[in-house]
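Student: Could you walk me through one part of this model up close? I'd like the metal site and what sits around it.

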Amino acid sequence: MGKKALFIVDVQNDFCPGGALPVPEGDKVVPVINALMPHFEYVLASKDWHPAQSVHFEKWPVHCVQNSWGAEFKEGLNTEKITKVFLKGTSNKDDGYSAFEATNENLAEYLRKEGITTLYITGLATDYCVKATTLDALKEGFEVYVVTDAIKAVNVHPNDGEKALEEMQKAGAKLITSKELLS
Ligand code: VGL
Ligand code: ZN
């Protein structure tokens, strides 16, 4: 049987209140994700990891610049449990929303090498990097559960988060709550 991994998308200071591109209630995912960690052998994370200048910053305020405070994991996240970090958004020529576009290590290859077939996706933001990572995971043939109380949306438009969830489900993602996952 395939192995499962907890995947934490972009839980970084800049995406939380007080950061450069705050996701409303972005910090609320931290205790939920921390509670899930002990139940997984593999706890993988991505970081939005932009060069100081990027076309990405024509759409968004400057955020998650490589090696800056804003790009660090959100305070309180149990980072000692994280077994591997995938850096994405590293090109100055595209957005690089998906963790499958990580450049320090190829995520799909890593998962296959470890025999991981199922991802439980958490983090920020539902309507951008969580969505892009989920859709790419499905395209690559992985089974995907999105943990609905462990994600938060930017909601540039009010229903973007809900629409993103529908889109992920249509593409084959399953929705689960952390309570269901822990029971
Ligand atoms: C993200 C907007 C810009 C995300 C990253 O992590 O969802 N959103 N860069
Ligand atoms: Zn970004």
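Tutor: Here is a look at the zinc site, followed by a loop residue. A quick word on the ground rules: this is a predicted model, with local features needing pLDDT of at least 70, side-chain atom pairs counting only at pLDDT 80 or more, and totals for chains, interfaces and linings using all residues. Residues are numbered from 1 along each chain as its sequence is written, chains are lettered from A and ligands numbered from 1 in the order in which they are written, and side-chain values use heavy atoms, with hydrogens and water left out.

The zinc ion (ligand 2) takes its protein donors from Asp48 (OD), His50 (NE2), His56 (NE2) and His63 (NE2), which lie 2.1 to 2.2 Å from it. Donors here are N, O and S atoms within 2.8 Å of the metal (3.2 Å for Na, K and Ca), and as water is not among the atoms, sites may look incomplete. Along the sequence, the donor residues follow the spacing D-x1-H-x5-H-x6-H.

What about burial? His56 has 2% relative accessibility, so it counts as buried, and His63 is buried too, at 1%. Buried means under 20% relative accessible area, with a 1.4 Å probe and protein chains only.

Now for Pro51, which sits in the loop between β2 (42-48) and β3 (84-88); strands are DSSP runs of E, at least two residues, numbered from the N terminus. Pro51 is buried as well, at 18% relative accessibility. Leaving aside neighbours within four places in sequence, Pro51 is in contact (heavy atoms within 4.5 Å) with Phe57, Gln66, Gly89, Thr90, Ser91 and Asn92. The C-alpha atoms of Pro51 and Cys64 are 8.6 Å apart, with the two residues 13 places apart along the chain.

Terms used: Buried means under 20% relative accessible area, exposed over 50%, partly exposed in between (1.4 Å probe, protein chains only). Helices (H or I, at least four residues) and strands (E, at least two) are DSSP runs, numbered from the N terminus.
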